[in-house]
Amino acid sequence: MTSQLFRPLALGGLQLPNRIVIAPMCQYSADEGSATDWHLIHLGNLSLSGAGLLIIEATAVEPEGRISPDDLGLWNDANEAALGRVLDAVRRHSDMPIGIQLGHAGRKASVHSPWNGSRQRPLDDRGWQTVAPSGLPMNPQDRPPQALDAAALKRVREAFAATARRAVRLGLQAIEIHCAHGYLLHQFLSPLSNQRDDAYGGALENRLRFPLEVYEAVREAVPAEIPVGVRVSGTDWVEGGWEITQTIAFAEALKARGASFIHVSSGGVSTEQKIPLGPGYQVPLARAVKAATDLPTIAVGLITEYEHAEAIVAGGEADMVGLARGMLYDPRWPWHAAAHLGASVRAPKQYLRSQPPRLKELFGS
C-alpha cells in the first residue's frame, strides 16, 4: 500500500511533495534580528532532509517582539537582506518549499537564551520593557508588562503585515502566524493572561478580536496564492484557561477568513500548566480541530516513530505531521521514514550515491 505520509498535499497554491513538516525551532543565534551563518548551516541542513515543508523559526515583527535579544527578526532592511542571503544559498541546492512563522513574544520577551537559563533580562543587560494584553507578568519575579493601548495595538498589527510583505519579497512560500506557546497573540486568547475590560478582553468574541485582526492584516498583505495559516495552543493545560472548544471557535473564525491551515500545539501561557507528556500527546487536539473545521491540520508533539506518523495521517487525525526536536536529532528522518514505509523521497544529486542497494527506489527512479 502507498504510504499516506508521503502523498502530496496542496496548501492553497503551494504543492507539498509529502506530509512531513519541519516545525519552527528558535535558534537564538541572530545578530540584532539578522540571520547569521548559523542559519545558513541550520536551514541548509534541514532543506536537504526530504521533508515536504520547512517553516523558519519564530521571526519577530518588531524588536520588542523577540523572545531574546538574539532572536531572528524581519522588521527592517538589514534583517531582510541577511535572511535573503541565507535563502539564496539554500535555494541553489534545494527546492524544498520554505515558509516562515511570524511572531511577537509579548510578556515572554526579553529573556536569556535557554542554555543561559531563560530568565528575564535586566533592563541594563540587553533587556527591554515587555508588552502584553494586560499588566500581568508571566512569572511573579518578572517586570510587569505594559498593557497595549489602541495606538500600540495598531503598531503591532501593522508590524505583522509589514513583515509578511518582506517575507513575500524574499520568496517565502507560506506564512504561519504564531498564536501559541504563551506568546503575544496567545496572551490575547487566554483568559489567564487577558484581563482587559475593553473590546479586546472578557468574552471569547473579544479575546479573539486582536488575533483575528492580525490574521486579516497578514492575509491582506500577501498574494492570494500564498497560504497563510496559524499555530495555536489547543489548551493551556490549566483549569479555567484556554481550551479545545475555544480553539475550535477560533479555528472556525479563521476558516471563515480564508485560513489555509492550522498547526495545533499546546501550553506555554502559564507556569501552572500540567502537561501529560507522551508520544503524540497533542494529536487529540489536532484531531478535534480537524474534525470540527476540516481545515488542513498539522499535528505535532513527541512524534518520533515512522509508523506513528503514518498512522496519524492514514487515520485522518491530521493532514500533516510536524517534527522539531526530532528533526534536529535526526536531520534525515524523512529519508528513514520513506525507507521504512516503502516510499520515495527527494535527495540532492550529490547524495544520490548514498542510496542503500536494497532500496532501489528510495530516491525515486
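**Close-ups around strand E10**

**View 1. A right-handed β-α-β unit leads into E10.** Strand E9 (residues 228-233), helix H6 (residues 244-256) and strand E10 make up this right-handed β-α-β unit. Keep in mind that the model shown here, as in every view, is predicted. E9 and E10 run parallel and are joined by 4 bridges. To find your place in the pairing, look for Val-230, which stands opposite Ile-262 in E10.

**View 2. Another right-handed unit leads on from E10.** This time the pieces are E10, helix H7 (residues 283-293) and strand E11 (residues 297-300), again making a right-handed β-α-β unit. E10 pairs with E11 over 3 bridges, in the parallel sense. Val-264 has Ala-299 in E11 as its bridge partner.

**View 3. Strand E10 is covered on both faces.** In a regular strand, side chains take turns pointing to one face of the sheet and then the other. Here is how that looks in E10 (residues 262-265): Ile-262 and Val-264 sit on one side, with His-263 and Ser-265 on the other. Are these four buried or exposed? Each of them is buried, so neither face of E10 is left uncovered.

**View 4. E10 is part of a closed barrel.** Step back and you'll see 8 strands forming a closed barrel with parallel pairing, in the order E3-E4-E5-E8-E9-E10-E11-E12. From one strand to the next, the twist averages 25 degrees. One of the pairs is strand E8 (residues 174-179) with E9, held in the parallel sense over 5 bridges. Val-230 in E9 turns up again here, with Ile-177 standing opposite.

**View 5. Helices H3 and H5 cross each other.** The axes of H3 (residues 150-169) and H5 (residues 204-221) come within 8 Å and cross at roughly 35 degrees. The crossing is right-handed. Which residues meet where H3 and H5 touch? From H3 come Leu-153, Val-156, Arg-157, Phe-160, Ala-161, Ala-164 and Arg-165, and they meet Phe-210, Glu-213, Val-214, Ala-217, Val-218 and Ala-221 in H5. Sorted by class, this contact has 10 nonpolar and 3 charged residues, and no polar ones.

**View 6. Helix H1 has buried residues with several neighbours over them.** In H1 (residues 37-46), the buried residues are His-39, His-42, Leu-43, Gly-44 and Leu-46. What covers them? The cover includes two strands, E3 (20-22) and E4 (53-60), along with helices H2 (77-91) and H9 (325-329). You've met E3 and E4 already, as strands of the barrel.

Key. Residues are numbered from 1 along each chain as its sequence is written. This is a predicted model: local features need pLDDT of at least 70, side-chain atom pairs count only at pLDDT 80 or more; totals for chains, interfaces and linings use all residues. Side-chain values use heavy atoms; hydrogens and water are left out. Buried means under 20% relative accessible area, exposed over 50%, partly exposed in between (1.4 Å probe, protein chains only). Two strands pair if DSSP finds at least two bridges between them. A crossover is right-handed if, with the strands pointing away from the viewer, the path from the first strand over the helix to the second runs clockwise. Axes are lines fitted to C-alpha atoms, for helices over the stretch in contact, and angles run from 0 to 180 degrees between N-to-C directions. A crossing is left-handed if the near helix is turned anticlockwise from the far one by less than a right angle, and right-handed if clockwise. Contact means heavy atoms within 4.5 Å. Ala, Val, Leu, Ile, Met, Phe, Trp, Tyr, Cys and Pro count as nonpolar, Asp, Glu, Lys and Arg as charged, and the others, Gly among them, as polar.
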